[in-house]
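Reader: I have a structure on my screen and would like to go through it with you. Could we talk about its charged pairs and its enclosed spaces?

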Amino acid sequence: MIEPLEASPVPRAQEPHARFTAQRRVNTELIRLYWGIGATILQRQGNEGWGSNVIGRLATDLRGEFPEMKGFSRANLFYMRRFAGEWAADAVVQRPVGQLPWGHITVLLDRLDDHELRNWYAEQAAAHGWSRNVLEHQIRTNAHSRLEAAPSNFPATLPPGESDLAQQLTKDPYVLDFLALDGDAKERHLEQALVDRIIDTLRELGEGFAFVGRQVHFDVDGDDFYVFYVDLLFFHVEQLRYVVIELKTGKFKPEYLGQLGFYVALVDDKLRRHQHADTVGLLLVADKNDAVVRYSLAGQRNPIGVASYELLPPAVRAALPSEAELAQALHPSTDLLNGSAEAASTESSGP
């Protein structure tokens, strides 16, 4: 008698990969289904006209036919129609948008009007595994215009391949609105806030950054007189390089590069190992003149990029209450008591 064959168990080390592959296949089939429904809606509306309530009738039919399945609401069918109208059938299997969860696709449809931008954000989200919240943050802060945009001297100080990689680490400007600080914040407050909100900071810096430390201490040749502190130190785990970040709350000045260049050389000498790529520096300033930055970078021997940062947008800052208004809102009784005291004083001093 021939025994039935049994399926070979999946090795434990391969279980997460197999689970991910299965989930991705299920997601692709769901996206394919939604695209097909959207295409059907477009076809029926073309044949019957917009006022024929195609979507309402189809939503009722689908919920009746598949009561256990979610996602067939009237609102979701409108998304399916827009999805099919925005991307061709091959997008489901051949383009990054077909690899995204449905919630990501609805964000692309809601937040963006330009087809090329939708494709760009879909590609980035698929490549970097952005969550839906991260995708919304990147769209809100115009990541497409900020990535790799910081002026730098990387082409002149790093080998061609490395300079391109190092440039990928930069943005301009960095949007730090999650810190809830205004433009008058001191450097130490900005630095402390970045560390306190390190998860948000790492998200804004980009994929692959790991936090090493704040005010990292170095002494030169054991001499206590020459003690230096690096503002913020990160390590990029994919490029295997240290990234020194220096914060300045004012406008860019050429002399800032000398200090940062020294810190880059110090980290390169003290911490870098032979398997690591060159250490790079990133100067974050509140404002800058790009022409002045370019001239200043030309005289630097260490690889440095310069970027601005944004805290609260000007419109938001203008809408916020002043310190006096906040104090009055928090302690209204003080003003009432002062007013009562003044009234009493007026009465007692009257004729």
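Reader: How many salt bridges are there?

Author: Happy to start there. This is a predicted model, in which local features need pLDDT of at least 70 and side-chain atom pairs count only at pLDDT 80 or more, while totals for chains, interfaces and linings use all residues. Residues are numbered from 1 along each chain as its sequence is written, and side-chain values use heavy atoms, with hydrogens and water left out. A salt bridge here is a side-chain nitrogen of Lys or Arg within 4 Å of a carboxyl oxygen of Asp or Glu, and by this rule the count is 17.

Reader: Which residue forms a salt bridge with Arg-146?

Author: The closest N and O atoms of this pair are 2.6 Å apart. Arg-146 lies in helix α8 (residues 143-146) and its partner in helix α12, so the pair ties together parts that are 58 residues apart in sequence. Helices (H or I, at least four residues) and strands (E, at least two) are DSSP runs, numbered from the N terminus. The partner of Arg-146 is Glu-204.

Reader: Is Glu-204 buried or exposed?

Author: Buried means under 20% relative accessible area, exposed over 50%, and partly exposed in between, with a 1.4 Å probe and protein chains only. Arg-146, at 3% relative accessibility, counts as buried. Glu-204 has a relative accessibility of 1%, so this residue counts as buried.

Reader: Which residues are joined with Glu-204 into one network by salt bridges that share partners?

Author: Lys-171 also meets Glu-204 in a salt bridge, at 3.8 Å from N to O. Lys-171 sits in the loop between α10 (160-167) and β1 (174-175), 33 residues apart from Glu-204 in helix α12. Both Lys-171 and Glu-204 are buried. Shared partners join Glu-204 into one network with Arg-146 and Lys-171.

Reader: What is the relative accessible area of Arg-111, which pairs with Glu-136?

Author: Glu-136 and Arg-111 form a salt bridge whose closest N and O atoms are 3.4 Å apart. This pair links helix α7 (residues 132-140), home of Glu-136, to helix α5 (residues 102-111), home of Arg-111, across 25 residues. Glu-136 is partly exposed, with a relative accessible area of 25%. Arg-111 is partly exposed too, and its value is 48%.

Reader: How many cavities of 30 Å³ or more are there?

Author: On a 1 Å grid over the protein atoms alone, a cavity is a set of points where a 1.4 Å probe fits but cannot get out, and lining residues have an atom within 4 Å of a point. Grid points are joined across faces, edges and corners, and a volume is the space filled by probe spheres set on the points. The largest cavity holds about 60 Å³, and the second largest about 40 Å³. By this rule the count is two.

Reader: Which element gives the largest share of the lining of the largest cavity?

Author: Glu-204, from the network above, is one of the lining residues, and others include Thr-201, Leu-205 and Phe-234. Elements that each supply at least two lining residues are β3 (223-236), β4 (241-251) and α12 (198-205). The largest share, three residues, comes from α12.

Reader: And which strand gives the largest share of the lining of the second largest cavity?

Author: The lining of this second largest cavity includes Phe-154, Tyr-174, Val-280, Gly-281 and Leu-282. Three residues, the largest share, come from strand β5.

Methods:
On a 1 Å grid over the protein atoms alone, a cavity is a set of points where a 1.4 Å probe fits but cannot get out, and a pocket is an open set with protein on both sides within 12 Å along at least five of seven lines; lining residues have an atom within 4 Å of a point.
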